[in-house]
Amino acid sequence: MLLCLPGLAKEREVDRTSGISMEVFEKIQEIQTLAESEQLGKAEELLRDLLDDKLTDYERAQSWFLMGYIRYQKDDMKGALEAYKQVMATEDIPLGMRLNIMRTLSQLYMVTEDLPSALKYVDMLLENELE
């Protein structure tokens, strides 16, 4: 299991409150329930459909984060890395989420034995932690 726990990161700036619509929230909950009951194929299919919708940056980031989790559970490390990199590419996400994704990416790159990439994200994480 990857360590990506909200709230562990030190907040050095006040993040804007990011909202998620009730409709998107309910869809994400349904997808999470499917993923937790190991219906990963159906969960990924619904998530792909959701990602085709018009979403806010935060909703899109949450959806890609969940996609990364689903792909990780399917032992698709390359797919998980791509999904988590999509979260990092999102402009308007809270700092805590960005730090958690840096930590997750560094761990996944270590698991896949891509040490230069793992160190890149560790360095990014440390730069942000030390500010």
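A residue is taken as buried when its relative accessible area is under 20%. In the predicted model described here, Asn128 meets this criterion, because its relative accessible area is 17%. Asn128 is placed in helix α6, and its C-alpha atom is separated by 7.7 Å from that of Leu99, a residue 29 positions away along the chain. Over the protein chain as a whole, 44% of the 131 residues count as buried.

The protein chain contains 6 helices and 0 strands, so that, in the notation used for its elements, the order from the N terminus on reads α-α-α-α-α-α. Among the contacts of the protein chain with a separation of 6 or more, 58% are accounted for by residues 24 or more positions apart. The packing of three helix pairs is considered in turn below.

In the pair formed by α1 and helix α2, the latter spanning residues 40-51, the helices pack at an angle of about 160 degrees, and their axes are 8 Å apart. Since angles over 145 degrees count as roughly antiparallel, α1 is roughly antiparallel to α2. A left-handed crossing is found for α1 and α2. On the α1 side, the contact is made by Val24, Lys27, Ile28, Glu30, Ile31, Leu34 and Ala35, which meet Leu40, Lys42, Ala43, Leu46, Leu47 and Leu50 of α2. Classified by residue type, this contact of α1 with α2 comprises 10 nonpolar and 3 charged residues, with no polar residue.

The loop between α1 and α2 includes Glu38, a residue that has a positive phi of about 65 degrees although it is not a glycine. Glu38 counts as exposed, because its relative accessibility of 69% lies over the 50% limit for that class.

Helix α1, which comprises residues 22-36, also packs with helix α3, which comprises residues 57-73, here at an angle of about 5 degrees and with the axes 11 Å apart. An angle under 35 degrees counts as roughly parallel, and α1 and α3 are therefore assigned to that class. The residues of α1 that take part are Val24, Ile28, Ile31, Gln32 and Ala35, and those of α3 that they meet are Glu59, Gln62, Ser63, Leu66, Tyr69 and Ile70. By class, the residues in the contact of α1 with α3 divide into 7 nonpolar, 3 polar and 1 charged. Val24, Ile28, Ile31 and Ala35 of α1 are listed both in the contact with α2 and in the contact with α3.

Further along the chain, helix α4 (residues 77-89) packs with helix α5 (residues 95-111) at an angle of about 155 degrees, and the two axes are 10 Å apart. The angle places α4 and α5 in a roughly antiparallel arrangement, and their crossing is left-handed. Residues Met77, Ala80, Leu81, Tyr84, Lys85, Val87 and Met88 of α4 meet Met97, Arg98, Ile101, Met102, Thr104, Leu105, Leu108 and Tyr109 of α5. The contact of α4 with α5 consists of 12 nonpolar, 1 polar and 2 charged residues.

Tyr109, one of the α5 residues in the contact with α4, also takes part in an aromatic interaction. A search of the whole structure yields 2 aromatic pairs, and one of them joins Tyr109 to Tyr121 in a stacked arrangement, with a centre-to-centre distance of 5.9 Å and 10 degrees between the ring planes. Because Tyr109 lies in helix α5 and Tyr121 in helix α6 (residues 115-130), the pair ties together parts that are 12 residues apart in sequence. Both partners of the pair fall in the buried class: Tyr109 has a relative accessible area of 8%, and Tyr121 has a relative accessible area of 7%.

The loop between α5 and α6 includes Glu113, for which a positive phi of about 60 degrees is found although the residue is not a glycine. Glu113 is exposed, with a relative accessible area of 70%. Positive phi values at non-glycine residues are thus present at Glu38 and at Glu113, the former in the loop between α1 and α2 and the latter in the loop between α5 and α6.

Notes
Residues numbered from 1 in each chain as written. Predicted model: local features only at pLDDT ≥ 70, side-chain atom pairs only at ≥ 80, totals over all residues. Heavy atoms only, no water. Axes fitted to C-alpha atoms, helices over the stretch in contact; angles between N-to-C directions. Helix = DSSP H or I, 4+ residues; strand = E, 2+ residues; numbered from the N terminus. Parallel < 35°, antiparallel > 145°, perpendicular 65-115°, else oblique. Left-handed = near helix turned anticlockwise from the far one by under 90°. Contact = heavy atoms within 4.5 Å. Nonpolar A, V, L, I, M, F, W, Y, C, P; charged D, E, K, R; others polar. Phe/Tyr/Trp six-rings, centres within 6.5 Å; stacked < 30°, edge-to-face > 60°. Buried < 20%, exposed > 50% of the residue type's maximum accessible area, 1.4 Å probe, protein only.
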